[in-house]
Amino acid sequence: MIGIGIIGLGTVGTGTYRILTEHAALIRKKTGLDLGVVRIAEIDPRNIKGKGIDRKVITSDAMELIRDERVNIVAELIGGMNPASDFIKAALSLKKQVVTANKALLAEKGDELFALARKTGCDIGFEASVCGGIPVIRAIRDGLVGNEFTYILGILNGTSNYILSRMTDEGISFGEALKNAQQEGYAEKDPTFDVEGIDAAHKLSILVRLAFSSPVTMNNITTHGISSIDPVDIGFARDFGYKIKLLAIAKKSASGIEARVEPAMIPLNHPMSSVNGVYNAVYIVGDRVGPNLFYGRGAGGEPTGSAVVSDIVDMAKRISHKIAAPAPGLIVSGKYREAKSSPVPYYLRVMAKDMPGVLSKISGILADYKISISAVTQQGRKLSGHVPVVMVTHDATEDGLKKAKQEIDGSSFTKGQSVHIRIEEGNS
Ligand code: HSE
């Protein structure tokens, strides 16, 4: 039997435990492997109660689990930086295989952990770190290995996608949608990581390393969240044929890599615009295979547990056939080459004075920055005498667009700050 130790019996730990125990016979039938959860480390008694777990299996000391000779594979499922990092290092030092769902830790300390794994001849499985149950890591690493990748588009954060979906469907504000998401258990009490794009950027850094073989760090990823999205712009986006999504975008070209996470508009007829609620998706373009789309549940105990189990089975196969661990997948050599932001169309909403000649003044400023308009609409009269002038530009640089916007906002014929949102046509 291959012994599994699970550190952390929260949502993902419990999902993993359930799959390994309830599907033990199924896994044996499919793989010939006999897997057993021999140890579980958990400090909170509330997480243990009512799950029918043999008390002898439980310990409150994760190091005891790691040292247990029956444990061949350690699943670190507590999240956060420390002590998760210490547990992984201790397990690797004792030549145990490690599986983790901890994207934040991998994004911040992946180099160090994978270097240790390489030194001790072990592996760190991280299928569960990106998009929960969607087997996108294995797809990029194995199924699509014969491809050079040029473009990744991801909806990598279920919480933000749920909030934006409700804002879109019900016309409610960000604050209200967040409150609903918290009440329904989809958003944390402190939602910063999810709604400010940090969680999605952690996941994008893992995808970029794998797909582009480039040592991207969080500092290389331009990151903006969804907290300032106004439902009014969601409505105008629909009128122009777009939906607003928190998109993780990575492009590789001769000039380098551009990686960003930000709310952006995607055409309504693009498959990514149908990814709603807590679902995640990755759209990735390989030079030989063309576009591939992966869709599924990006969070939750059993979907994420499903990915953890896939890594455990992979490692168990290697252990039972005495096959050495492959070179850890997130270590990439070379230098990261950051490309300038590529020109894209932008959505721009200006609150303008309702008087003759304003449109030509706005388009004049945009023209000074070589930005031309492809569509414009002026909707509804406001009591204050200011009306939203809403437009879509042709391809423009981010720098040019921001400068033009600053000049427009500083003029006497506008009020407050204009809003600009990137448009990602999704066919690069
Ligand atoms: N908090 C994440 C999300 C799930 O909302 O997608 C775990 O990665």
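How far does a polar side-chain atom of D194 lie from a nitrogen atom of the ligand? The close-ups below, all taken from a predicted model, begin with that spot.

**View 1. D194 and a nitrogen atom of the ligand.** The distance is 3.0 Å, and it runs from a polar side-chain atom of D194. D194 is one of the residues around the ligand.

**View 2. The surroundings of the ligand.** Around the ligand sit K103, L156, N157, G158, T159, D194, D199, K203 and A299. G158 uses a polar backbone atom, 2.6 Å from an oxygen atom of the ligand. N157 uses a polar side-chain atom, 3.4 Å from an oxygen atom of the ligand.

**View 3. Helix α5 against helix α10.** Helix α5 spans residues 103–120. The two axes come within 8 Å and cross at roughly 50 degrees. That angle makes α5 oblique to α10. The crossing is left-handed. On the α5 side, K103, A104, L106, A107, E108 and D111 make the contact. On the α10 side, D199, H202, K203, S205, I206 and R209 do so. By class, this contact has 4 nonpolar, 2 polar and 6 charged residues. K103, D199 and K203 also appear among the residues around the ligand.

**View 4. Helix α6 against helix α10.** Helix α6 covers residues 136–143, and helix α10 covers residues 198–212. Their axes lie 9 Å apart, at an angle of about 15 degrees. An angle under 35 degrees counts as roughly parallel, so α6 and α10 are roughly parallel to each other. α6 passes α10 in a left-handed crossing. V136, I137, I140 and R141 of α6 meet I206, L207, L210 and A211 of α10. This contact holds 7 nonpolar residues, 1 charged residue and no polar ones.

How values were computed: Residues numbered from 1 in each chain as written. Predicted model: local features only at pLDDT ≥ 70, side-chain atom pairs only at ≥ 80, totals over all residues. Heavy atoms only, no water. Axes fitted to C-alpha atoms, helices over the stretch in contact; angles between N-to-C directions. Helix = DSSP H or I, 4+ residues; strand = E, 2+ residues; numbered from the N terminus. Parallel < 35°, antiparallel > 145°, perpendicular 65-115°, else oblique. Left-handed = near helix turned anticlockwise from the far one by under 90°. Contact = heavy atoms within 4.5 Å. Nonpolar A, V, L, I, M, F, W, Y, C, P; charged D, E, K, R; others polar. Near = heavy atom within 4 Å. Polar contact = N/O pair within 3.5 Å; in protein donor to acceptor, adjacent residues only side chain to side chain.
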